[in-house]
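Grab a coffee and work through a few exercises on the structure below. Try each task yourself before you read the solution.

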Amino acid sequence: MRGKCGLFHTSYAQEARFFQTGFLKFSLGLFFIALLCTPLYLSNYQLSMLNMINIAVIGAVALNLLTGCCGQISLGHGAFIGVGAYATGLCSLAGWPFIPALLFGGLVTALVGMIFGVPSLRLKGIYLAIATLAAQLILSYVFMHWESMTGGSVGLGLDAPAICGLALDSDAKMFYLTLTVAVFSVLLVSNILRTRHGRAFVAIRDFHQSAESVGVNLFSYKLQAFAVSSFLAGISGGLWAHYTMYITPEQFDILLSIRYLAMIIIGGMGSVLGSIFGAVFVTLLPEGLGALAQWAGAFFPNISTYFLAMREGIFGLILVLFLIFEPEGLVHRWRLIKAYWKLYPFAY
Amino acid sequence: MEYYLQLFVNGLVVGSIYSLVALGFVIIYKATKVVNFAQGEMVMVGAYVCFGLTVQLGLPFLVSFFMTLAFSVILGLSVERLVLRPLIGEPIISVIMVTVGLSTVLKSVVQMLWGTSIRVYPQILPAEPVWIAGVPVAPVYIAAFVLAALLFTVFSLFFKYSRIGIAMRATALDQQAAQSMGIGVKNIFALSWCIAAIVSSIGGIILGNINGINAQLGHLGLKVFPAVILGGLDSLLGAALGGLIIGVLENVFDGAMQQLFSLAGFKEVAAYIVLVVILMIKPYGLFGTEEIERV
């Protein structure tokens, strides 16, 4: 490789490699060492933000696999996260250890996701979107009204998770757990995309009829996409439930589904890196707006009364602006920036 | 029995409003193939604008009614021009999400201007109930039903006989062919958003007269989906019937569940359960165009 002025693939294996360059490996390594050290120099509040980002990354990567890569629009992702949260929470309350409870929560969610994925064989595009919307609303109703299981609108209180007797009761300890799971999910989805399955998903998204005619079993692959995506959504929900230690049905309403869809759109559809960008952006957005409102509060004293109403609106506005002006998301911008610096200071 | 009859009548009234909102949805979908998740918020904006003109500015109801319609035209035009037109040719998910974003923007604007508490319209029709088939019915309910039926007749005639209506149907059928016959497809898109906004506003004003309005009114937009799926996404008649049927089913199911199993709040999901069942057995609804694909 030494002495070459660019990245030239001479075999398929080379093209499918996980780390394309040594530099990428090295810089990612440095990034992770920096991440692992964050609890040393960040405050608890900042760590809690990082935890929320990690949890959001899991959910966003999962949704991007289903919607971005396989093209199956899901408006029920928030409810699937809720199923995972309740299943994991209930198992923990029944005395299960944390990790089996988390995995079981994921499996239950995968099952629920597959049930609601069954109509995807016949339905596509907006019909599927509406079917998953119905799934979202029906599951929300179940969370709210199956009081003997979910506690209804009162919610469920949970303990901090413990792994092999080590209680993860602080943000810093929780951070290592969420980071591990997030890295694992990102690796899982990235690797799925490099296999036959990933290529089949993309083929279904791009043109389902040609996909079927070259031998992709639509039903099976769509269901697999639903299963993997919901499994990760369930894991994300389980972590969330144990991190906040309290879950209520309102957390998992349609707004959550919209937030996750916004993440993958703002980040970049069909790109794992994009889901991470989107998760970071959408999680930090309310904090950024809050800081802005506090700063503006010095000049306009009654802005905080409008702030609550404005927050959702600004979120929607950003979503609309992204769709109009940057439809390929942040990841596209990131690639442009990288391409610019690659040859800096020479333009060509 | 009278209990169910009462539920049935209530269902018809609620259903006629669903039909109106569904009518707006179907007009947009037919002409532009855009699934509008902001339909409920358009209802809400119309209702609040009329409320603001009537109560806060003290204009006579009829004046503010027509001013609201004028406002709806502007709203529909600007939404189409600013938000939807840049997205022509983008994937479905982008179009869906842009209307979702639009709905949160409209909602937050309403919340900023009018707050979240329930606002009540002044009484326009007399409060004493009229007795129909042994069931007391408020005059405003009858007015709502009649107005909805009237609008449907007007729009059916409009689409069947007027030049513009025929152009709209042609665009819905085949955009390229319509364009080559000299129909301005962009104008048709704009017009369909205008009509949808007007119809939604009327629905909102009727609702305001029945129940009062609050910032949660936008949820009505989600109830449109069962109605249009039942009727068929691109059928006006389907929207009318679908809305009525969903309204009635929802009320009767809710009442039955309350009476038989004392299960509260079933109303929220009854329509969606119906929706899932329809999608499973007859996804293109009662009158929708079937898309047949073979490999």
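## Exercise 1: the second largest cavity

Phe116(A), Pro119(A), Ala131(A), Val276(B), Leu279(B) and Met280(B) line the second largest cavity. Keep in mind that this is a predicted model.

**Task.** Work out how the residues of this lining divide into nonpolar, polar and charged, and find which helix supplies the largest share of them.

**Solution.**
- Step 1: sort the residues of the lining by class. Six are nonpolar, none is polar and none is charged.
- Step 2: look for the main supplier. Helix 11 of chain B, residues 267–281, gives three residues, the largest share of the lining.
- Step 3: add the volume. The second largest cavity holds about 50 Å³ of space.

## Exercise 2: the largest cavity

**Task.** Say how many cavities of 30 Å³ or more a search of the whole structure finds, then describe what lines the largest one.

**Solution.**
- Step 1: the search turns up two cavities of 30 Å³ or more. The largest has about 60 Å³ of space.
- Step 2: list the lining. For the largest cavity that's Ile27(B), Lys30(B), Ala31(B), Phe159(B), Met168(B), Arg169(B), Ala172(B) and Leu236(B).
- Step 3: sort by class. Six residues of this lining are nonpolar, none is polar and two are charged.
- Step 4: place them on the fold. In chain B, helix 1 (2–32) and helix 6 (163–173) each supply at least two residues of the lining of the largest cavity.

## Exercise 3: a serine between two helices

**Task.** Is Ser235(B) buried or exposed, and what does its side chain reach?

**Solution.**
- Step 1: find the spot. Ser235(B) sits in the chain B loop that runs between helix 9 (220–231) and helix 10 (236–261).
- Step 2: check the accessibility. Ser235(B) has a relative accessible area of 9%, so it's buried; the cut-off for buried is under 20%.
- Step 3: follow the side chain. At 2.8 Å, the side chain of Ser235(B) reaches the backbone nitrogen of Gly238(B).
- Step 4: look further along the sequence. Once neighbours within four places are set aside, Ser235(B) is in contact with Val26(B) and Phe287(B).

## Exercise 4: cysteines without partners

**Task.** How many disulfides does a search of the whole structure find? Then explain why Cys164(A) has no bond to the closest cysteine sulfur.

**Solution.**
- Step 1: the count over all chains is zero disulfides. Cys70(A) is in none, and the nearest cysteine sulfur, in Cys69(A), lies 8.3 Å away.
- Step 2: turn to the other cysteine. The closest cysteine sulfur to that of Cys164(A) belongs to Cys91(A), and because it's 18 Å away, that's too far for a bond. The cut-off for a disulfide is 2.5 Å between the sulfur atoms.
- Step 3: check both for exposure. Cys70(A) counts as buried at 0% relative accessibility, whereas Cys164(A) is exposed, with a relative accessible area of 81%.

## Exercise 5: positive phi

**Task.** Where is Met245(A) found, and where is Lys33(B)? Give phi for Met245(A) and for Lys33(B).

**Solution.**
- Step 1: take chain A. Met245(A) belongs to the loop between helix 11 (218–244) and strand 4 (246–247). It isn't a glycine, yet its phi is positive, about 65°.
- Step 2: take chain B. Lys33(B) is in the loop between helix 1 and helix 2 (39–56), and its phi is also positive, near 60°, in a residue other than glycine.
- Step 3: read off accessibility. Met245(A) is partly exposed at 34%; Lys33(B) is partly exposed as well, at 46%.

## Exercise 6: a glycine in a helix

**Task.** Find which residues Gly24(B) is in contact with, leaving aside its neighbours within four places in sequence.

**Solution.**
- Step 1: locate the residue. Gly24(B) lies in helix 1 of chain B.
- Step 2: check burial. The relative accessible area of Gly24(B) is 0%, so it counts as buried.
- Step 3: name the contacts. Beyond those sequence neighbours, Gly24(B) is in contact with Gln39(B), Ala196(B) and Val199(B).

Key: Residues numbered from 1 in each chain as written. Chains lettered and ligands numbered in written order. Predicted model: local features only at pLDDT ≥ 70, side-chain atom pairs only at ≥ 80, totals over all residues. Heavy atoms only, no water. Helix = DSSP H or I, 4+ residues; strand = E, 2+ residues; numbered from the N terminus. Buried < 20%, exposed > 50% of the residue type's maximum accessible area, 1.4 Å probe, protein only. Polar contact = N/O pair within 3.5 Å; in protein donor to acceptor, adjacent residues only side chain to side chain. Contact = heavy atoms within 4.5 Å. 1 Å grid on protein atoms, 1.4 Å probe; cavity = no way out; pocket = protein on both sides within 12 Å on 5 of 7 lines; lining within 4 Å. Points joined across faces, edges and corners; volume = space filled by probe spheres on them. Nonpolar A, V, L, I, M, F, W, Y, C, P; charged D, E, K, R; others polar.
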